[in-house]
Amino acid sequence: GDEVMKKLKMLSVIVASYTLIAGCAEPKILERLSLATLIGYDAGDEEKDISATFIIRRVTPEFQSDVVARSATAETTKGTRDEVSLQTAKKVAKGQLRVVLFSEEFAKEGIGQMIYNLLMNPEISNGVYLSVVEGEIKPFLEYQYENISDIGQHIYNLLGHNIEEDKLLSSTIHEIGRDYYSPTRQILLPIIKRKDNLVEVTGLAFFREGQMAGRLPAEDIFYVKLLREGHENGSFDLVLDGKNLESLVANEKEVPDEIPVAFESIKSKTTMKLVNQTTPEFDVNIDINLRLTEIDDAIQIEHKEKNEWLQKEVNKKMEAKLSDLIKYSQELNSDVFGFGEYYESRVRDANLTPEEHDEMYPNMKVNIHVNSKIIRNGVFGID
């Protein structure tokens, strides 16, 4: 309520704050230009409301550069924010910001005000990536990674690369802002963490009204993306039930209980249809062409009928998985798939209020139909 809003307003200072600098008498340092490439936000303890860690690339007059992590904490005293000073020399150039990170705790308190601040600041590029970090951000950024010289640039590349490879939903401030300000949609952000000397994507954070409400593991990103926008070239694994595939096993081989398979998606198309507007009830149809990249060698699918049998099993497994995802989003009441938007586009004068949408979303019914077409790696033609 009001308390949260007050707190969020106070947070607005901090995005501006990384241009406020602690006075510094050392003239040599003042000659340097400092570029903040990344900012991470942790929730502070009781007295300290918020703590920001900046990754700053400093360029010397000799054009050498080094990368440093700096932290600043902003405190709240009786509802007013103390001035934030940063232990950095010279003005931090804002145009270089690439990534903004939120600790899980900070994300649970809410990032709506941050989204607003970033969008309203004309010096911040629309292409800045947002992400959640497992645990606290300060130690995550201050860790001395063996082969990473610039952690800000590294995380920017990591997110960008995964988006390009179709393994992640894009989370630029422009796209997140669009979903955040949609009356019915909710936002999703990637989750990253440090594992030894690496940074990896570990999952997907579901939000509700700008607050992190739940999370899914990284392997579910494929399915979320499939429901939201389809795939050009994602990849995923499934474990199929051996009993159901007995007829595909070569005569003398034993049937394993579980048969792991790996696929690459070559192309997919997801279409939604409103079949009953009072429930409401939706049909979601997914056509997907898959390349089989791995399967137990006991399984033979060179013949058309056998391949169709395999497709049937894959459809069933994928349908169950996608239904679970939708149920999970309904439990959180987080419409990340755009059902509300679709409903409004199909029902005249629907104009759902947020309250109506909140009532509708957990109770809607969704039927998922997957139609997969499996091709074997070039070597085997399937007749």
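Visitor: What volume does the largest pocket have?
Guide: This is a predicted model. The volume here is computed from its atoms alone. For the largest pocket the value is about 360 Å³.

Visitor: Which residues are closest to the centre of the largest pocket?
Guide: The lining of this pocket counts 18 residues. Five of them are named as the closest to the centre. They are Lys167, Ala218, Glu219, Ile221 and Ser235.

Visitor: Which helices and strands each supply at least two residues of that lining?
Guide: Both kinds of element take part. The helices are H6 (151-164) and H8. The strands are S9 (198-208) and S11 (235-241).

Visitor: How many residues of the lining are nonpolar, polar and charged?
Guide: Sort the lining of the largest pocket by class. Polar residues number three. The other classes are nonpolar, with eight, and charged, with seven.

Visitor: Is helix H8 roughly parallel or roughly perpendicular to helix H9?
Guide: H8 spans residues 221-229 and H9 spans residues 304-332. Their axes come within 10 Å and cross at roughly 80°. Angles of 65 to 115 degrees fall in one class, so H8 is to H9 roughly perpendicular.

Visitor: Which residues of H8 and H9 make the contact, and how many are charged?
Guide: H8 brings Phe222, Tyr223, Val224, Leu226 and Leu227. H9 brings Met318, Lys321, Leu322, Leu325 and Ile326. By class, nine are nonpolar and none is polar. The number of charged residues is one.

Visitor: Is Asn307 buried or exposed?
Guide: Asn307 sits in helix H9. Its relative accessibility is 6%. The cut-off for buried is under 20%, so Asn307 counts as buried.

Visitor: How many Å apart in space are Asn307 and Leu248?
Guide: In sequence, 59 residues separate Asn307 and Leu248. In space, take the distance from C-alpha to C-alpha. That distance is 8.7 Å.

Visitor: Which residues does Asn315 touch, not counting those up to four places away in sequence?
Guide: Asn315 is also placed in helix H9. With a relative accessible area of 13%, Asn315 is buried. Lys373 is 58 residues away in sequence, yet 9.5 Å away in space, C-alpha to C-alpha. Leaving out residues up to four places away, Asn315 touches Val370, Asn371 and Ser372.

Visitor: What does Ser103 touch, not counting residues up to four places away in sequence?
Guide: Ser103 belongs to strand S6 (residues 99-103). Its relative accessible area is 3%, so Ser103 is buried. Beyond residues up to four places away, the ones touched are Tyr41, Asp42, Ala43, Val132, Val133, Gly135 and Ile137.

Terms used: Residues numbered from 1 in each chain as written. Predicted model: local features only at pLDDT ≥ 70, side-chain atom pairs only at ≥ 80, totals over all residues. Heavy atoms only, no water. Axes fitted to C-alpha atoms, helices over the stretch in contact; angles between N-to-C directions. Helix = DSSP H or I, 4+ residues; strand = E, 2+ residues; numbered from the N terminus. Parallel < 35°, antiparallel > 145°, perpendicular 65-115°, else oblique. Contact = heavy atoms within 4.5 Å. Nonpolar A, V, L, I, M, F, W, Y, C, P; charged D, E, K, R; others polar. 1 Å grid on protein atoms, 1.4 Å probe; cavity = no way out; pocket = protein on both sides within 12 Å on 5 of 7 lines; lining within 4 Å. Points joined across faces, edges and corners; volume = space filled by probe spheres on them. Buried < 20%, exposed > 50% of the residue type's maximum accessible area, 1.4 Å probe, protein only.
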